[in-house]
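User: I would like to learn how to read the contact between two chains. Please take me through one case.

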Protein chains: 2
Amino acid sequence: MISVVEARRRILAALRPGAPEIVGLAQAHGRVLAKPVQARLTVPPADISAMDGYALRVADATPGSRLKLVGEAPAGHPFSGQIGAGEVVRIFTGSVIPAGADTVLIQENATAEADAVVVNEAVVAGRHIRRAGQDFSAGDEVLHAGRRLSVRDVAVAGAAGYPWLCVYRKPRVAILCTGDEIALPGEPVPAGGIANSNASMLMAFASAHGGEPLLLPIARDTEDAVAEAALAARGADMLVTTGGASVGAHDLVQSGLARHGFALDFWKIAMRPGKPLIFGQVNGLPVLGLPGNPVSAYVCASLFLAGAIAVLGGLDPQGPVFETVTLGASMKPNDTREDYVRATLTRAAIGWVATPLPVQDSGMLTALSRAGALIRRPPNATAAAPGDEVEILRLGLS
Amino acid sequence: MISVVEARRRILAALRPGAPEIVGLAQAHGRVLAKPVQARLTVPPADISAMDGYALRVADATPGSRLKLVGEAPAGHPFSGQIGAGEVVRIFTGSVIPAGADTVLIQENATAEADAVVVNEAVVAGRHIRRAGQDFSAGDEVLHAGRRLSVRDVAVAGAAGYPWLCVYRKPRVAILCTGDEIALPGEPVPAGGIANSNASMLMAFASAHGGEPLLLPIARDTEDAVAEAALAARGADMLVTTGGASVGAHDLVQSGLARHGFALDFWKIAMRPGKPLIFGQVNGLPVLGLPGNPVSAYVCASLFLAGAIAVLGGLDPQGPVFETVTLGASMKPNDTREDYVRATLTRAAIGWVATPLPVQDSGMLTALSRAGALIRRPPNATAAAPGDEVEILRLGLS
């Protein structure tokens, strides 16, 4: 059995980002830039006004002086002439500062007359002017390759003049659920069998983490079925299986994939839930074999699949982000396996408090659904008491 | 001018959730349940084994005893007979416990022979058995209406036998950018004009927060253009405009919408950036008028639009979630406007530290893109020093 950290290291080291594609700017949110964004425009394109008011010469802007209104320059309609001594041009937020002007008198400090303006307050040179290129200049690299694009990054790319962006393709994650006892929800359930929850869960998980799910037909518990299903995964960037990862006679993922030359990397991890986790490759296709139990499958997906999709999608390898919070109940010493304990997460005066759910049975999917966090218990952790610090992985919508 | 809290209260109070629709289970992630999920199945459907091993009677499970192997019951293939005294049935994780058996001997504690099994360790009655209905029973309400569905909730609904779910429709958010100076990215930019960043930013924002964006053609700075654009928003659940919300002669959103009977609720908020924010209705269509400046528009969207989309999409009204972190640099006293200060967010030994970016000019879109948080400075806040606590709104991908 290898450690969680070692397992993650081996998985991420085996993966490479996919090819790039072009998407429209508004669709680029959440995607990973494959090429940097070098600004095609300068922003602002010229000195512009940050306020509504009047452009003028600071030398003329003495309180009480009456200046001649020689024109108006709304945003998008620059003044074509030149401001001379004793002259002003009406401007607005975003207006280009006319030639000859060196400051802005805001309208709150002026009295407008028919063809003149009276200055009511002194003005400082350069005030309320945003200089050309203050935000960025054409040629500046405003967004670096490898960045996952936020809503705000999309805005930057738009301002830089990009209608399209070059991003990494979403990794296509083929999902193969195995077992004689499972049926997709709504389909007839075999005797003693169950409605499958892993398929939809992993489709949603892959989407939420930036992948493109591809659900393969369920494979029954024969080597033939698993071998055939593996062929159906061609074209995918990763194959994720559930079930059949243990040592039982009916655990056939490894033997089924072996027909296509499966190269095993490892298949046991010192963690709970989730010991039987397979990782390897079939003809260059990375294969992650998750446990069949949906709680275990979810925990393993959070620890390994999320990072795998990220790397396949062009991000730098990194583990899940743990937070340190306060423990809300006592916990027994841990054995040699790293433990991921389902816990509620509540906000108290001292900050976030994680309290283990009373039932940790990995058959309790509803408890997982109600949990707000997984508490990470390192191997051989000593007993913990309320008030101790613990590391958690926060469980959000994903 | 009204406060940020009052503005949010008024906006959210004016909105109602939309109609429901049916989506496939795997597409329901992130959606808000319009009808509760009452389990159609019991999980587990019968007493099942949590381990690979042998089903037997606890009375027979004395160490050293040799028991007769009378059958095998893989998951999905229940044993049809009854276990008698001195008999065992081979079972696996997920197998139904055969009639007559009351415990499980795990395979690690047994020695398998051709047609018999030797018990190596004592067994406790009921051990390694998951009872029928341990997770939930048919009829139980496993997910409540009004809940935004996580990946784990999708798994619960699947296990409960639901191939489809009834969720609220994604609110359709019509986006209207106004101004003579703007061009969509990649289109010819007028003299002194700029590439528009608000359109793509707000499309991405609406999507990220659960809405369905609908980008209207840009409206030029005439009442006619705004009035016409407003008609194009029919069928939307909300109209969001940018620009034209101030008092300048070229700010035409209010006057353009007035042609269709615009009922103004408010249009000035005591906040920075973002003072000129309009809220009202046109023939029952809620209208949120954001500032034209993209930094201001983003901050206002975070404070008001995110919550509006949530309510239109079926969630209970609630404000943004602020966190308390440590301030990394000194801040001056605040005036009467609530201030949202762009800040970096770094992790230190003491926890998260928010440090205001040196330039707060709302023309700096790249600074917004680099920021990790907005520090909320209440009206009239006194000066703050490094080490003080401040409230922040964390800026993630959305």
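User: How many residues of chain B are in contact with chain A?

Analyst: This is a predicted model, in which local features need pLDDT of at least 70, side-chain atom pairs count only at pLDDT 80 or more, and totals for chains, interfaces and linings use all residues. Residues are numbered from 1 along each chain as its sequence is written, chains are lettered from A and ligands numbered from 1 in the order in which they are written, and side-chain values use heavy atoms, with hydrogens and water left out. Taking contact as heavy atoms within 4.5 Å, 81 residues of chain B touch 81 residues of chain A.

User: Which rotation superposes chain B on chain A?

Analyst: Copies are superposed by least squares on the C-alpha atoms of residues with pLDDT of at least 70 in both. Here a rotation of 180 degrees, with 0.0 Å of shift along its axis, brings chain B onto chain A at an RMSD of 0.1 Å. That is the relation of a two-fold axis. The same surface serves both copies, since 100% of the contact residues of chain B recur in chain A.

User: What area do chain B and chain A bury between them?

Analyst: The size of an interface is often given as the accessible area lost when the parts come together. Buried area is that loss with a 1.4 Å probe, summed over both parts. For chain B and chain A the value is about 6100 Å², with 60% of it on carbon and sulfur atoms. Val151(B), Arg152(B) and Leu397(B) supply 13% of the area that chain B buries against chain A, more than any other three residues.

User: How many salt bridges are there between chain B and chain A?

Analyst: Side chains of opposite charge can pair when their charged atoms come close. The criterion is a side-chain nitrogen of Lys or Arg within 4 Å of a carboxyl oxygen of Asp or Glu. Between chain B and chain A the count is 2, whereas the whole structure has 30 over all chains. Asp361(A) pairs with Arg130(B), the closest N and O atoms being 2.6 Å apart. With helices (H or I, at least four residues) and strands (E, at least two) taken as DSSP runs numbered from the N terminus, Asp361(A) lies in the loop between strand 24 (351–356) and helix 7 (365–370) of chain A and Arg130(B) in strand 10 (residues 129–130) of chain B, so the pair joins two chains. Asp361(B) likewise forms a salt bridge with Arg130(A), also with closest N and O atoms 2.6 Å apart.

Note on methods: Buried area = accessible area lost by both parts, 1.4 Å probe.
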